[in-house]
Amino acid sequence: MKAIHITEKEAGQRLDKLLGKYLNLAGKGFLYKMLRKKNITLNGKKCDGTERLKAGDEIKLFLSDDTIEKFSQVTVQKVKKTRLDLIYEDQHIILINKPAGMLSQKAKEGDESLVEYVTDYLMDTGALTKEDLRTFRPGICNRLDRNTSGLVAAGKTLAGLQIMAEVFRDRSIHKYYYCAVKGELKETRTIDGFLTKDERSNVVTVHKTQMPHSVPISTKYEPVAWKEGYTLLKVLLITGRSHQIRAHLSSIGHPLVGDRKYGDEKVNEEAKRRFGIRHQMLHSYRMEFPELQAPLEYLSGKSFEAPAPKEFAGVFGKEWEV
């Protein structure tokens, strides 16, 4: 017999979902058969798998050790030790200042990404064990392009992961960026348009009018500094689409400095020669949280900021060591 005690990490999910993770090599038919025969119980009672789990619940598996071992497999990817720039951490979430060049999530098998580094960090600190990974895996709640730096939220518990993922999905969380663009912009503006994406090439196109399969986009920018043909913008993402800031600003003639996909090759080469810029100058520097439900209600209305990479100060001066 094996007893599983539910903690805040796993609380909130359905029993059958948890069993599918714990006995990840068993089919659903086997799991539901074990539930019907009371070989799996919840708090000492018969259950059907639809029950929503709470912290303190106890699941008992009346199965042999050989059967549990046969149907349960935990894998942990070994990654190089990577120091994370932690902006905030509590029992439910972590906010990380992701450097440019790091993947948010792996693109293919064998990649190392922020997800794997967060898991490795939590295991090193003892906040997560290999046994925990049978029923819960930490994950990130928002993604940044590989060559975009800044704030990424990760969930240490299921509640943290689900609640934060929802506020990113419904766009009630406000995300602010700094970016350096070609040319001189003097006025605060909100620009609108429509975006289509070619999934095969991972390239988006911005249109002034609605097109088949397009989605509306809205981007607000405020100029805050100027330097020899470059403007530093503070950007609020009103909608959050793939490559939105990069493609939207490029579509109005002000591409991001260092952007190899939507940028200006001559501007990029000059910025590389003068300032050592090797990636797009785009940094997610601030998050403002909306009203959050329990157990994350203590974060309601709070905001967090992540310092920008040194390249921003290199272009616009020390006062922009933001």
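Okay, let's start with some vocabulary: two strands pair if DSSP finds at least two bridges between them. Helices (H or I, at least four residues) and strands (E, at least two) are themselves DSSP runs, numbered from the N terminus.

Before I go on, this is a predicted model, where local features need pLDDT of at least 70, side-chain atom pairs count only at pLDDT 80 or more, and totals for chains, interfaces and linings use all residues. Residues are numbered from 1 along each chain as its sequence is written, and side-chain values use heavy atoms, with hydrogens and water left out.

So, the hairpin. S11 and S12 form it, with two residues between them. S11 covers 215–227 and S12 covers 230–237. The two run antiparallel and are joined by eight bridges. If you want one pair to look for, take tyrosine 221, whose bridge partner in S12 is valine 235.

Now look at the turn. Glutamate 228 sits there with a positive phi of about 45 degrees, and this is a residue other than glycine. Is glutamate 228 buried or exposed? It's exposed, with a relative accessible area of 56%. The cut-offs, while we're here: buried means under 20% relative accessible area, exposed means over 50%, and partly exposed is in between (1.4 Å probe, protein chains only).

S12 has another neighbour. Strand S8, residues 174–182, pairs with S12 in the antiparallel sense over seven bridges. On that side, tyrosine 178 has lysine 234 as its bridge partner in S12. And how enclosed is S12? Seven of its eight residues are buried, so S12 is largely enclosed by the rest of the structure.

Go past S12 and you hit histidine 243, in the loop leading to helix H6 (244–251). Histidine 243 also has a positive phi, about 60 degrees, although it is not a glycine. Unlike our glutamate in the turn, which is exposed, histidine 243 counts as buried, at 8% relative accessibility.

One more backbone oddity, further along. The peptide bond from alanine 294 to proline 295 is cis, with omega near 5 degrees. Proline 295 lies in the loop between strand S13 (282–288) and strand S14 (303–305).

Okay, salt bridges. Here that means a side-chain nitrogen of Lys or Arg within 4 Å of a carboxyl oxygen of Asp or Glu. How many does the structure hold? There are 21, and I'll show you three.

Number one is glutamate 305 with arginine 286, where the closest N and O atoms are 2.5 Å apart. Glutamate 305 is in strand S14 and arginine 286 in strand S13, so this pair ties together parts that are 19 residues apart in sequence. Glutamate 305 is partly exposed, at 43% relative accessibility.

Next, glutamate 270 and arginine 274 meet at 3.3 Å, N to O. Why are they about one helical turn apart? Because they are four residues apart in helix H7, residues 265–275. Both are partly exposed: glutamate 270 has a relative accessible area of 29%, and arginine 274 has 31%.

Last one: glutamate 131 with lysine 2, closest N and O atoms 3.8 Å apart. This pair links distant parts of the chain, 129 residues apart, with lysine 2 in strand S1 (residues 2–5) and glutamate 131 in the loop between helix H4 (114–125) and strand S6 (139–140). Arg134 joins in too, so to speak: Lys2, Glu131 and Arg134 are linked in a network of salt bridges.
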